[in-house]
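I am opening a fresh page for this structure. I will look things up one at a time and note what I find.

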Amino acid sequence: MPSTGQREYGVLPALDGALRGVVLVGAGEERYLDELARLAQTLGLEVLGEMEQARRDNAGYIGSGKRKELRELVREVGAGMVITDDELTASQARTLENDCDAPVVDRTELIIRIFHEHARDAPSKLQVELAELSYLLPRVRGMWRHLERLGGGAAGSAGSSGSSASGGRATRGPGEQQLEYDRRQIRARMERLKRRLAEEERSRAVRRSRLNSTETPRIALVGYTNAGKTTILNALSGAGRSTKDRLFETLETTTRLVEPTSGSYTTNGGDAGPREGAHRPAFTVTDTVGFIRKLPTQLVESFSSTLEAASDADILLLCADASSPRLDEEVNTVRETLASSSLSLNHIIQVMNKKDLLSEGDLTRIKARFPEAVFTDMHEGYEELLGKIYEAISSMRKRMEVLIPHEEYAEVARLYGAASIHSREERESGVLLDVSVPASMAGRYSRYLA
Ligand SMILES: Nc1nc2c(ncn2[C@@H]2O[C@H](COP(=O)(O)OP(=O)(O)OP(=O)(O)O)[C@@H](O)[C@H]2O)c(=O)[nH]1
Ligand SMILES: [Mg+2]
């Protein structure tokens, strides 16, 4: 198989350097070229032009007149590639490619490529490869030509024997037999990947059940891509996870333990700080893969761990980029996706991040619309957020005042880490504690009720 410069798990060839200048095309009532541009930039592409049409054309995405205009535009700005804001069928892509005389990449392929670039751990890589193959399968015929154009003639399709990958293919394309062979190879590879993912899923389920059996409250950070979830995880836990101004920077869930003394946050007295003798419980925070509107169905598997984390969580932090011009839609995309996966949304804390990018006027307006939200930025708001988290943890717990005899000190020690301790007082007969304990521990301590 010819070398395409792709990584070993890759299916789509690396984009040829000459194609890096692109023209974006959006058709239909819902068009989001600003977001498409950010997706393109995340891949290092340069947007040279844009074209929109309110009506979607069945044959070639945009109408035939527009396709001619597009051809002109592509030539005029010297673009190497066209990117559409919606997924195209193989025949729509072919029509558009022919008429505008440039390779066409649709929104789905673009997002899959970003996932490919950003996948770091083994499960993410498997999921991305599966997505690539399921995208490729119905497009095998067109792909030969498409891959060749994108990869500068060095295309090798997934699982292909490579026998027809050389010589003359540009004009003739592969024969029926070769196509059937390719499809069979792709399906076989997909089956293998699914089996491996199922194994991963089983071991993940074991890990989850182990985690779920502990008393430690679980918090999940979910939200639109680029909202600042990882930034908040780092701030709360002192983790040094990568945050970049790229879409889908995080492609794997990760869980950190936040202990009252850990992390880069400090409780410097003040109103939000705990009282004398008070002790806040530890909790775990899970960072997840971001959401996006019109999520390619091929990538749903990549979000399963996000949805799992969300459904396991006791408290959800819904993060939004408050400075986004499409704030409402982004909040709704996240809420609707969660609602449609029938999660119980008991404890939700809405976090409006990137407060520093808001004007006074916008801040006031958004506060009025989301009165319950906590506003954060890289410098402010984490104390308030922690306060809300502990409030939610307490509300899931039973508050009780207990007097534990000194000789049973081990029972006091057990409370630290698992319970919120609101106050502690040494008495002659023992330690008097005002605590909120997880419901599962309430029975154990009821014998000490003061
Ligand atoms: N100005 C400003 N930028 C922020 C703030 N929080 C995060 N950012 C930046 O926004 C970008 C995205 O932040 P991340 O924490 O990676 O966002 P994410 O939600 O984890 O994104 P994905 O993993 O891609 O879904 C980074 O460049 C951050 O530095 C903030 O409060 N203010
Ligand atoms: Mg992230």
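I count a residue as near a molecule if its C-beta atom, placed from the backbone, lies within 6 Å of it. I also keep in mind that this model is predicted.

**Entry: ligand 1**
I looked up the surroundings of ligand 1 and found 22 residues around it. Gly228, Thr230, Thr243, Thr250 and Gly290 come nearest. Which helix gives the shell its largest share? I find that helix α9, residues 229-237, does, with three residues. I then sorted the shell by class: 10 residues are polar, seven charged and five nonpolar.

**Entry: domains**
I checked the domain assignment next. It gives domain 1 as 17-191, domain 2 as 214-394 and domain 3 as 397-448. I looked at where domain 2 meets domain 3: 11 residues of domain 2 are in contact with 15 residues of domain 3. On the domain 2 side, I sorted the touching residues into five nonpolar, three polar and three charged.

**Entry: helices α2 and α3**
How do α2 and α3 cross? I took α2 as residues 64-77 and α3 as residues 90-100; their axes come within 8 Å and cross at roughly 55°. That angle is why I call α2 oblique to α3. I noted the crossing as right-handed. From α2, I list Arg67, Lys68, Leu70, Arg71 and Val74 in the contact. From α3, I list Leu96, Asp99 and Cys100. By class, I get four nonpolar and four charged residues in this contact, and no polar ones.

Key:
Residues numbered from 1 in each chain as written. Chains lettered and ligands numbered in written order. Predicted model: local features only at pLDDT ≥ 70, side-chain atom pairs only at ≥ 80, totals over all residues. Domains from an automatic or database assignment. Contact = placed C-beta atoms within 7 Å. Nonpolar A, V, L, I, M, F, W, Y, C, P; charged D, E, K, R; others polar. Axes fitted to C-alpha atoms, helices over the stretch in contact; angles between N-to-C directions. Helix = DSSP H or I, 4+ residues; strand = E, 2+ residues; numbered from the N terminus. Parallel < 35°, antiparallel > 145°, perpendicular 65-115°, else oblique. Left-handed = near helix turned anticlockwise from the far one by under 90°.
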